[in-house]
Amino acid sequence: MNVEHEEIPFDVVFIGGGPASLAGAIRLMRLARENNMELEVALIEKGAEIGAHAVSGAILNPIALKELIPDYAERDCPLDGVVRDDAFCFLTSDRHFQIPFVPRQMHNKGHYIISLSRFTRWMGEIAEELGVNIFPGFTGKEVLYTADGRCIRGIRTGDKGLDKNGEPKSNFEPGIDLTARVTVFGEGARGSLMQDIAARPGIFSDREPQVYETGIKEVIQLPEDHFFKTSRANAIHLMGYPLGLNPPGGGFIYEMKDNRAALGYLTALCYENPLLDPYEEFLKFKQHPFVAKIIKGGKVLEQGARTVSTGGYFSIPRLFADGGLFIGGAAAMHNTPGLKGIHLSMKSGMLAAEACLTALQQGRFDAETLQVYHQRFKSSWAEQEMYEGRNFAQGLAKKGLLKLIYLGSQYLTHGRGVRDFMPLEEDFRTLQPADRVDVPERVDPKSLDGTLHVDKLTGVYLSKTLHREDQPSHLIVHDRELCVRVCYPTYGSPCTRFCPGNVYEMAADEKTGKMQLKLNPSNCFHCKTCDIKDPYKNITWTCPEGGEGPGYTLV
């Protein structure tokens with residue numbers, strides 16, 4: 001199908017409507033005003049609106065916010081509350097033990113509890129006021145390069161109005177070529193454009209692989225007389241049950257305004273048991289007596305899921321290329337020991353904006369010029385914070401008491417630990433065959449009341465996830481026979497469990513009795529767990545038609 005694509009040129013294009021890109025766009029427009037420069041800046045977001053795909057643990061260290069928008073309070077920044085104190089607990093199957101010592105990286109007193117969806121929407125309004133051209137409902141489908149293939153020159157957005165076979169319908173709209181002197185990639189964890197760039201030499205060379213955790217989060221409406229009314233701590237982090245010490249994982253509960261709580265559970269995707277279901281672990285966590293006490297009488301208002309890049313400092317790619325910069329979760333900007341990364345994403349976007357201004361003033365957009373972003377990052381508080389946690393994910397992946405030895409030594413030596421520069425193993429390589437592992441205990445379906453404890457499909461409904469049914473599947477399974485002949489007998493089809501949206505099903509054909517894989521792409525949360533964890537790299541997540549997917553407003 002030969003289609004002509006309209007080209008719209010800009011000075012800078014930001015990819016993704018998260019805190020990294022929004023902070024970058026705001027910083028760039030303010031710098032341009034200070035230097036009497038008129039710039040055309042664009043930002044695209046695949047969600048129907050800014051904030052529609054934003055989900056996070058949502059504790060905000062305000063250090064970057066204060067730098068970017070000093071008068072944020074006067075501008076009615078949507079803050080759900082201030083952390084009064086932290087609690088750090090270890091869970092056994094039926095008890096909890098509050099650990100008297102809270103690691104310094106997890107000290108959140110004075111930080112803010114926020115809804116990332118509302119926070120990014122607020123940032124988007126400020127960006128528009130400054131003149132940023134924001135295009136919600138547009139996906140980045142392809143990276144555009146110069147004729148010699150060396151320099152990034154923009155991106156092509158996805159076509160709209162294709163049928164299931166990829167043929168244009170009556171309402172077909174071809175994608176648009178958004179070209180730029182500098183393209184800033186802030187897609188978040190496991191961005192599809194970043195995967196395209198990663199296949200080219202140089203960006204990820206000599207770096208450790210990015211590794212991830214899948215987080216499932218809910219906003220719960222609590223009764224008027226709830227736990228936090230008398231609790232000194234309103235930011236609670238928990239480890240132990242149900243995952244134990246192997247594999248890594250843990251939960252959080254934060255008090256929000258209007259008698260609400262944010263509750264979530266993260267499972268590291270380095271887990272070995274292919275029969276493990278992260279959503280089941282999330283439900284077990286919610287049903288633990290201590291957690292159940294906190295959320296008693298509540299009702300789930302909204303649910304979401306996404307992956308978080310947790311590899312840390314040694315997983316950060318080269319931050320610059322000819323014509324391109326990489327920021328936020330796409331560049332592994334996350335404080336894994338502190339369980340937060342919004343402030344790091346924002347700072348990376350702000351530093352990238354400063355590099356863009358330098359390049360525009362010099363009229364040069366090659367890697368040699370844009371590497372000023374890397375230099376500024378190296379001298380910033382963000383780099384110092386990331387460096388201290390440089391071996392944390394590696395230590396966390398150790399088993400049993402060895403994990404505690406590694407993490408304890410890292411804490412005492414400010415990141416070095418037993419040895420420095422520890423390697424990481426890619427998440428898709430860690431599964432053991434199903435016949436070598438124990439079958440995890442399942443949650444009793446009768447315990448799911450549809451109000452406080454909901455099943456996967458109800459969670460999809462509560463996320464307001466919508467996809468047009470008659471479009472090409474955005475989930476590409478490259479070899480379905482491999483799923484049946486190899487993956488099913490070896491690993492028991494882990495995709496049917498690791499997906500929090502019940503997208504993948506393995507069932508027997510009614511006529512032949514042969515097992516076959518069925519996809520429900522309309523259920524997709526866009527968390528990209530399948531792209532990361534599939535043991536044969538047989539699944540590729542791509543962006544569906546722009547404007548589709550979750551419709552978060554609270555999480």
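Start at E383. With a relative accessibility of 8%, E383 counts as buried (buried is under 20% relative accessible area, exposed over 50%, partly exposed in between, using a 1.4 Å probe and protein chains only). Now add K378. K378 and E383 form a salt bridge, with the closest N and O atoms 3.2 Å apart. A salt bridge here is a side-chain nitrogen of Lys or Arg within 4 Å of a carboxyl oxygen of Asp or Glu. K378 is partly exposed, its relative accessible area being 40%.

This is a predicted model: local features need pLDDT of at least 70, side-chain atom pairs count only at pLDDT 80 or more, and totals for chains, interfaces and linings use all residues. Residues are numbered from 1 along each chain as its sequence is written, and side-chain values use heavy atoms, with hydrogens and water left out.

**More salt bridges**

Select R364 and E368. They form a salt bridge, and their closest N and O atoms are 3.6 Å apart. E368 counts as exposed at 55% relative accessibility. R364 is partly exposed at 36% relative accessible area.

Next, select D470 and R468. Their salt bridge has its closest N and O atoms 3.0 Å apart. D470 is partly exposed, with a relative accessible area of 30%. Which residues are linked with D470 in a network of salt bridges? Add K169 and E545: the network links K169, R468, D470 and E545. A search of the whole structure finds 28 salt bridges.

**The seven-stranded sheet**

Switch to a cartoon view. Seven strands form an open sheet, in the order β6-β5-β15-β16-β17-β14-β18, with mixed pairing. Strands are DSSP runs of E with at least two residues, helices are runs of H or I with at least four, and both are numbered from the N terminus. Two strands pair if DSSP finds at least two bridges between them. Strands of a sheet pair through backbone hydrogen bonds, either parallel or antiparallel.

Find the edges. They are β6 (96-98) and β18 (299-309), and each pairs on one side only. From one strand to the next, the twist averages 20 degrees. Angles run from 0 to 180 degrees between N-to-C directions, and axes are lines fitted to C-alpha atoms, for helices over the stretch in contact.

Select 86-91 and 235-240. These are β5 and β15, which pair in the parallel sense over six bridges. Within this pair, C89 stands opposite L238 in β15.

Now select 212-221, which is β14. Is β14 largely enclosed or open? Nine of its ten residues are buried, so β14 is largely enclosed by the rest of the structure. Look to each neighbour. β14 pairs with β18 in the antiparallel sense over ten bridges. There, K217 has G304 in β18 as its bridge partner. β14 and β17 also run antiparallel, joined by nine bridges. E213 has A268 in β17 as its bridge partner.

Show 278-287. This is helix α5, which lies across β5, β14, β15, β16 (249-256), β17 (260-268) and β18. Helix α5 runs at about 135 degrees to β17.

**A helix pair**

Select 19-34 and 342-362. These are α1 and α7, packed at an angle of about 35 degrees with their axes 7 Å apart. Their crossing is right-handed (the near helix is turned clockwise from the far one by less than a right angle; anticlockwise would be left-handed).

Color the contact, which means heavy atoms within 4.5 Å. In α1, the residues include A23, R27, L28 and L31, and in α7 they include M346, M350, A353 and L357. By class, the contact has twelve nonpolar, four polar and two charged residues. Ala, Val, Leu, Ile, Met, Phe, Trp, Tyr, Cys and Pro count as nonpolar, Asp, Glu, Lys and Arg as charged, and the others, Gly among them, as polar.

**The three-stranded sheet and a loop**

Move to β3-β7-β4. These three strands, in that order, form an open sheet with antiparallel pairing. β3 (59-60) and β4 (81-82) stand at the edges with a single partner strand each, so one side of each is left without a neighbour in the sheet. β3 and β7 (residues 112-113) pair over two bridges. I59 stands opposite I113 in β7.

Finish at P103. Its place is in the loop between β6 and β7. P103 counts as buried at 16% relative accessibility. Not counting residues up to four places away in sequence, P103 touches F88 and Y411. Last, select G338: P103 and G338 are 235 residues apart in sequence and 8.4 Å apart in space, C-alpha to C-alpha.
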